[in-house]
Amino acid sequence: MAGILAWFWNERFWLPHNVTWADLKNTDEATFPQAEDLYLACPLAFCIFMIRLVFERFIARPCAMGLKIQTNGPQKAQPNAILEKVFTAITKHPDEKRLEGLSKQLDWDVRTIQRWFRQRRNQEKPSTLARFCESMWRFTFYLYIFTYGVRFLKKTPWLWNTKECWYNYPYQPLTVDIHYYYILELSFYLSLLFSQFTDIRRKDFLIMFLHHVATISLIVFSYVNNMARVGTLVMCLHDAADVLIEAAKMANYAKCQILCNLLFAMFAILFISSRLGVYPIWILNTTLFESWEIIGPYPSWWVFNLLLIMLQLLHSFWSYLIVKTACRAISKGKVIHHVNRFLSFFNRQQINWCWQSKELGKKSVWTSLSFLKTFHLSSKKLLQF
């Protein structure tokens, strides 16, 4: 066991040349990140999970009831031991041959059995109330941690000059603010990882599981080798868009579609600009080029940058999905209904005046309203998770 640990914590992998773990031991003058600091995140993750249950029960649920969000879930399937055994042990989507066999065995027609399986699958989907409560919890946390990150980072020199992330590396002392920021973020994502196994399993279970594992790995990796300064920039940048997407989901569940469209439009703009613009220009530039110039590469430097590049690929894929959904909505050409609903929120006389103005003005108004309809259709598709 000692040999495995010695191999895993090999200084030549984790640290730059001529730096040892002994050099980064805590002293009276300075405190450095220690791997054992992260042990605190496990009990704290459990506490956050319990806080989530209390929050959803006594804060989010009353808010949902006030917004008249339905508490009842989908229609439950008729109890049947044979079909339940097939559903849980064999398949949730029986083929035609199996349907015919079950039809003969139960003396039911095939259509009734298909309806039973559809209702049984819907039972595993969380209700709108549960989705709203979960989104409200995430929105509250993301808003708090993003606000904290901005207030903390605006006082740091590396927000304004990213080369400060690498000056005197790795002998950069660990401040209380960085330690709190890291432990809280890590605890939250650990709680999300744990809650996946207690919540109703969703169709995106594996994708979200891998996402949480990747996020936790990046947080742990950057803390252990003291790349915490650039790590705080990455976390704050990602939390910004998460606030808006959870707010858009809440508006969608509450059937406030105009607000949902506005929030989703803001989210899409912020997501694409921050993940495809700010992230590569600001984050990848400093981790790949500025760090190379100041401290030079070493094994864990390559791994860290590889993880960040993989994250950039995910950003590109998610941005592609957003744009693809928007283009698909445009191609359907279903604009009129939403335009009429949108116009009801404005003064009719002003809109009519715009419509009766010059042809250029007409086209401008129509283009703007068509754009809003695009986000209406896009948000309804992308927020159904």
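Which residues does Gln196 touch, not counting residues up to four places away in sequence? In this predicted model, Gln196 touches Phe205, Met208, Phe209 and His212 once those sequence neighbours are set aside. Gln196 lies in the loop between α9 and α10, and with a relative accessible area of 13% it falls under the 20% limit and therefore counts as buried. Its contact with Phe209 includes a polar one, since the side chain of Gln196 reaches the backbone nitrogen of Phe209 at 3.4 Å.

**Nonpolar cores**

The largest nonpolar core has 67 residues, and within this core Phe188 and Met227 are the residues with the most contacts. Helices that each supply at least two residues of this core are α3 (41-66), α7 (128-153), α9 (176-195), α10 (205-224), α11 (228-253), α12 (257-294) and α13 (299-332). Phe188 touches Ile48, Trp137, Phe141 and Tyr142, again leaving out residues up to four places away in sequence. Apart from this core there is a second, separate one of 13 residues, which includes Ala247, Leu263, Phe264 and Phe267.

**Helix α4 and its two faces**

Helix α4 covers residues 81-89, and among its residues Leu83, Val86 and Phe87 are buried. Seen down the axis of α4, these buried residues fall within an arc of 95 degrees, so they line one face of the helix. On the face turned away from that buried side, α4 carries the exposed residues Ala81, Lys85, Thr88 and Ala89. The packing partners of the buried residues of α4 are α5 (96-106) and α6 (110-123). At the N-terminal end of α4, Asn80 acts as a cap, with a side-chain oxygen 3.1 Å from the backbone nitrogen of Ile82.

**Aromatic pairs**

The structure holds 29 aromatic pairs, and two of them, both involving Trp14, are set out in the table.

| Pair | Centre to centre | Angle between planes | Arrangement |
|---|---|---|---|
| Phe13 and Trp14 | 5.2 Å | 90 degrees | edge-to-face |
| Trp14 and Phe221 | 5.1 Å | 40 degrees | tilted |

The pair of Trp14 and Phe221 links distant parts of the chain, for Trp14 belongs to helix α2 (residues 11-14) and Phe221 to helix α10, 207 residues apart. Both of these residues, Trp14 and Phe221, are buried, and for Trp14 the relative accessibility is 6%. Phe13, in contrast, is partly exposed, with a relative accessible area of 27%. Phe13, Trp14 and Phe221 also belong to one aromatic cluster, whose other members are Phe8, Trp9, Trp21 and Phe304.

**Annotated regions**

An unreviewed UniProt entry places the feature "transmembrane region" at residues 38-55, 180-198, 205-224, 260-282 and 302-323. In the model, the span of residues 38-55 is 83% helix and 0% strand, and its end C-alpha atoms lie 25 Å apart. Residues 302-323 are 100% helix and 0% strand, with the end C-alpha atoms 31 Å apart.

Terms used. Residues numbered from 1 in each chain as written. Predicted model: local features only at pLDDT ≥ 70, side-chain atom pairs only at ≥ 80, totals over all residues. Heavy atoms only, no water. Buried < 20%, exposed > 50% of the residue type's maximum accessible area, 1.4 Å probe, protein only. Helix = DSSP H or I, 4+ residues; strand = E, 2+ residues; numbered from the N terminus. Arc of directions from axis to C-beta. Contact = heavy atoms within 4.5 Å. Polar contact = N/O pair within 3.5 Å; in protein donor to acceptor, adjacent residues only side chain to side chain. Core = buried A, V, L, I, M, F, W, Y, C linked by side-chain atoms within 4.5 Å. UniProt positions renumbered as here; feature names shortened; annotations may be inferred. Phe/Tyr/Trp six-rings, centres within 6.5 Å; stacked < 30°, edge-to-face > 60°.
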